[in-house]
Amino acid sequence: MSQALAPRLPQSSISVAAVAGIRRPGVRLTARTVRHCLREARPLVQVMFVLRFVTGALLTASAAHHRPNAPHLLLGAAAWWAATVSVYVFNGVSDLCEDRANGSRRPLASGLLTESAARRAVVATALAGLLFGCAAGWRVAESTAVFLTLGYAYSAPSIAAKCRSWSASAVTCAAAGTTYLAGVAASGSALTAEAAVFAVVLSLGVGLIAAVAKDLGSTRGDALAGRRTLAVVRGERAARRFCAAAGAALALLLAAGAAWVRQPPLEAAAAVFTVGALCVAGRCLRIRGGEDRPRGPYRSWMFTQYAVHLTALGALLWT
């Protein structure tokens, strides 16, 4: 009797409700996976690579008195962001054992992101980066392909440049330099002296400071994985001294380049870089009778990079 009195929904309504009920968990799962992939790819690093790309483009265009093509610049930045996510998620997959040994809280190491989902994200973002790069121009697409190759060479188990400090420094320096060159390509202008000096010094900083400083505090997991980084082979104190010396040398190099080029953006960037190099050195060397936190030098370098790039862009707008 109750069944007879119960209202009957149209068959189409039942179908729509059933499909919606099935799709919601799938959408939520996808959104959660995307969020974890972005976290795994280190949001600060993603923004930094896009900032390098944009700075390379605008420094070149400004020195050449040329207005860059805005759609090409945006498409190129999107290509670089997608390629960066692909490279760093792949790095997370390859570092899974070491990250767990080092107690990392990243999504892959903590189990929030599955390895299979991460690998699918690597492929999807790499293809997206190449497609956006093609839309921005063939030179940007070529740079994107080179960047992806360098990123995978850094982490791929068969070659794994990350396992030795010298190869890690070479690959990361080349990847940063490729980013600036891609920005130059997106600007539609030829490489200028100002952009070249900026790109060379900041790329060397990535290779000589960031590539070494990031291993501080991770020697246990790196040693278990068989890595031969400077911190593992020579000890963390030697690695800290190397980073401090590299920062001082690069500050002098950028100051000399700014004196040669005589452009306000480069001069302002050199001043900020010098202050940042002193901060990196201070956190690398002994302070108040004890060494700083393991990640302190790397964080100081990241802050320095942001400050230098934003200062250069701010000086461009001011002038």
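Which residues does alanine 270 touch, not counting residues up to four places away in sequence? The answer is Leu254, Ala255 and Ala258. Alanine 270 sits in helix 14 of a predicted model. The chain has 15 helices and zero strands. Of its 319 residues, 48% are buried.

**Confidence and overall make-up**

- The average pLDDT of the chain is 86. A score of at least 70 is reached by 88% of the residues.
- Residues 1–6 have a pLDDT below 50. This stretch has zero contacts in the model beyond near neighbours in sequence.
- Residues 16–22 also stay under 50 in pLDDT. The model gives them zero contacts beyond four places in sequence.
- Where pLDDT is low, the predicted coordinates should not be read in detail.
- Take the contacts in the chain between residues at least 6 apart in sequence. Of these, 76% join residues at least 24 apart.

**Helix 14**

- Helix 14 covers residues 264–284, which makes 21 residues. At 1.5 Å a residue, it should span 30 Å. Its end C-alpha atoms are 30 Å apart, so the expected span and the model agree.
- Its buried residues are Pro265, Leu266, Ala269, Ala270, Phe273, Gly276, Ala277, Val280, Ala281 and Cys284.
- Seen down the helix axis, these buried residues of helix 14 fall within an arc of 140°. They therefore line one face of the helix.
- Val275 and Leu278 are exposed on the other side of helix 14.
- The buried residues of helix 14 pack against four partners: helix 3 (43–63), helix 10 (193–213), helix 13 (236–261) and helix 15 (296–318).
- Alanine 270 is one of the buried residues of helix 14. Its relative accessible area is 7%, and under 20% counts as buried.
- Alanine 270 and valine 308 are 38 residues apart in sequence. In space, their C-alpha atoms are 7.7 Å apart.

**The nonpolar core**

- The largest nonpolar core has 80 residues. Phe198 and Phe273 have the most contacts inside it.
- Phenylalanine 198 touches Thr55, Leu59, Tyr180, Leu266, Ala269, Val308, His309 and Ala312, leaving out residues up to four places away in sequence.
- Leu266 and Ala269, both touched by phenylalanine 198, are among the buried residues of helix 14.

**A buried arginine**

- Arginine 240 is part of helix 13. Is this residue buried or exposed? Arginine 240 is buried, with a relative accessible area of 2%.
- A polar atom of the arginine 240 side chain lies 2.9 Å from the backbone oxygen of arginine 283.

**Helices 4, 8 and 9**

- Helix 8 spans residues 138–155, 18 residues in total. At 1.5 Å a residue, its expected span is 26 Å. Its end C-alpha atoms are 26 Å apart, which agrees.
- The buried residues of helix 8 include Val140, Ala141, Phe147, Leu148 and Tyr154.
- These partners pack against the buried residues of helix 8: helix 3, helix 4 (70–94), helix 7 (115–136) and helix 9.
- Valine 85 is in helix 4. Valine 85 is buried, at 4% relative accessible area.
- Valine 85 is 48 residues from cysteine 37 in sequence. Their C-alpha atoms are 7.8 Å apart in space.
- Setting aside neighbours within four places in sequence, valine 85 is in contact with Leu38, Ala41, Gln46 and Thr125.
- Serine 165 belongs to helix 9 (residues 165–187). Serine 165 is buried, with a relative accessible area of 13%.
- Beyond neighbours within four places in sequence, serine 165 is in contact with Arg228, Thr229 and Leu230.

**Two loop residues with positive phi**

- Most residues other than glycine have a negative phi.
- Alanine 160 has a positive phi, near 40°. Alanine 160 lies in the loop between helix 8 and helix 9. At 4% relative accessibility, alanine 160 counts as buried.
- Arginine 262 has a positive phi of about 60°. Arginine 262 is in the loop between helix 13 and helix 14. Arginine 262 is exposed, with a relative accessible area of 64%.

Terms used
Residues are numbered from 1 along each chain as its sequence is written. Side-chain values use heavy atoms; hydrogens and water are left out. The expected span of a helix is 1.5 Å times one less than its number of residues. Buried means under 20% relative accessible area, exposed over 50%, partly exposed in between (1.4 Å probe, protein chains only). The arc is that of the directions from the helix axis to the C-beta atoms. Contact means heavy atoms within 4.5 Å. A polar contact is a pair of N or O atoms within 3.5 Å; within protein, one must be able to donate a hydrogen and the other to accept it, and residues adjacent in sequence count only if both atoms are side-chain atoms. A nonpolar core is a set of buried Ala, Val, Leu, Ile, Met, Phe, Trp, Tyr and Cys residues joined through side-chain atoms within 4.5 Å. pLDDT is the predictor's confidence in each residue, from 0 to 100.
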